[in-house]
Amino acid sequence: MLLTRHGGKMKPYKDFKTPGREDKKIRTFKRDQLKATDLVWHRDNEDRQIKVLFGSGWKFQRDNDIPVELNRGDVFEIKKEEWHRIFKGSTDLVIEIKVL
């Protein structure tokens with residue numbers, strides 16, 4: 001199972017730093033190493049912009065909204081402390097996260 005330690009908690013993804021860019025990272029979710037229960041409702045500590053680099057069948061859901069499919073090239077923002085989650089797709093998911 002792909003669980004990485006982050007801030008004392010185990011996380012179902014792996015982060016890669018973008019050289020020379022402290023405000024950006026690449027995050028990978030390995031489909032075959034995840035259980036649906038690994039992907040939980042959560043909030044982030046800062047505003048973020050998300051860009052989908054790779055993945056099929058994955059969905060994103062904000063609190064009080066229906067899930068929407070994530071497609072390669074999609075770009076969207078998540079506000080600080082906004083509840084959200086993702087749903088496991090049919091491939092791995094790779095996203096770029098930029099702190100705003």
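Which residues does Gln61 touch, not counting residues up to four places away in sequence? Trp41, Ile66, Pro67, Trp83, His84, Arg85 and Phe87 make up the list. Keep in mind that this is a predicted model, and let's walk through it from the whole chain down to a few side chains.

## The chain as a whole

This one is an all-strand affair on the secondary-structure count: 0 helices and 10 strands in the protein chain. Read from the N terminus, the elements simply go β-β-β-β-β-β-β-β-β-β. The radius of gyration is 13 Å, close to the 13 Å that the globule rule gives for 100 residues, so the chain is as compact as a globular protein of that length. If you like to think in boxes, the C-alpha atoms fill one of roughly 30 × 30 × 25 Å along the principal axes.

Of the 100 residues in the chain, 31% are buried. The accessible surface comes to about 6,400 Å², and carbon and sulfur atoms own 49% of it. As for how the contacts are spread along the sequence, take those with a separation of 6 or more: 65% of them join residues 24 or more positions apart.

## The five-stranded sheet

Five of the strands line up as an open sheet in the order E3-E4-E10-E5-E8, with antiparallel pairing. The edges belong to E3 (14–18) and E8 (75–78), each of which pairs on one side only. From one strand to the next, the twist averages 30°.

At the E8 end of this sheet, the partner is E5 (residues 48–54), and the two strands pair in the antiparallel sense over 4 bridges. To find your place in the ladder, look for Lys51, which stands opposite Val75 in E8. E8 itself has two faces worth a glance: Phe76 and Ile78 sit on the covered one, while Val75 and Glu77 sit on the uncovered one.

## Arg48, a buried arginine in E5

Is Arg48, which is found in strand E5, buried or exposed? It is buried, because its relative accessible area is 10%, below the 20% cut-off for that label. Its side chain is joined to the side chain of Glu46 by a polar contact of 2.6 Å.

Beyond its neighbours up to four places away in sequence, Arg48 touches Lys25, Arg27, Phe76, Glu77, Ile78, Ile97, Lys98 and Leu100. That list includes both residues of the covered face of E8, Phe76 and Ile78. Glu77 is 29 residues from Arg48 in sequence, yet the two C-alpha atoms are 5.6 Å apart in space.

## The three-stranded sheet

There's also an open sheet of 3 strands, ordered E7-E6-E9 and again with antiparallel pairing. Here the edge strands are E7 (68–69) and E9 (84–87), each pairing on one side only. E6 (residues 59–62) and E7 pair in the antiparallel sense over 2 bridges, and Lys59 stands opposite Glu69 in E7.

## Back to Gln61

Gln61, our opening residue, has its place in strand E6. With a relative accessible area of 10%, Gln61 counts as buried. So what do the polar atoms of its side chain have for company? One of them lies 2.7 Å from the backbone oxygen of Asp65. The side chain of Gln61 also makes a polar contact of 2.8 Å with the side chain of Arg85, a residue that is in its contact list too, along with Trp41, Trp83 and others.

## Glu82, in the loop between E8 and E9

The last stop is Glu82, found in the loop between E8 and E9. E8 is an edge strand of the five-stranded sheet, and E9 is an edge strand of the three-stranded one. Glu82 is partly exposed, with a relative accessible area of 21%.

Leaving aside neighbours within four places in sequence, Glu82 is in contact with His42, Arg43, Arg62 and Glu77. Glu77 is a familiar name by now, as Arg48 touches it as well. For a sense of how the chain folds back here, try Asn45: it is 37 residues from Glu82 along the chain, with 9.2 Å between the C-alpha atoms.

Definitions and conventions
Residues are numbered from 1 along each chain as its sequence is written. This is a predicted model: local features need pLDDT of at least 70, side-chain atom pairs count only at pLDDT 80 or more; totals for chains, interfaces and linings use all residues. Side-chain values use heavy atoms; hydrogens and water are left out. Two strands pair if DSSP finds at least two bridges between them. Axes are lines fitted to C-alpha atoms, for helices over the stretch in contact, and angles run from 0 to 180 degrees between N-to-C directions. Buried means under 20% relative accessible area, exposed over 50%, partly exposed in between (1.4 Å probe, protein chains only). A polar contact is a pair of N or O atoms within 3.5 Å; within protein, one must be able to donate a hydrogen and the other to accept it, and residues adjacent in sequence count only if both atoms are side-chain atoms. Contact means heavy atoms within 4.5 Å. The radius of gyration is taken over C-alpha atoms; the globule rule is 2.2 Å times the number of residues to the power 0.38. Accessible areas come from the Shrake-Rupley method with a 1.4 Å probe; for residues, only the protein chains shown count as cover.
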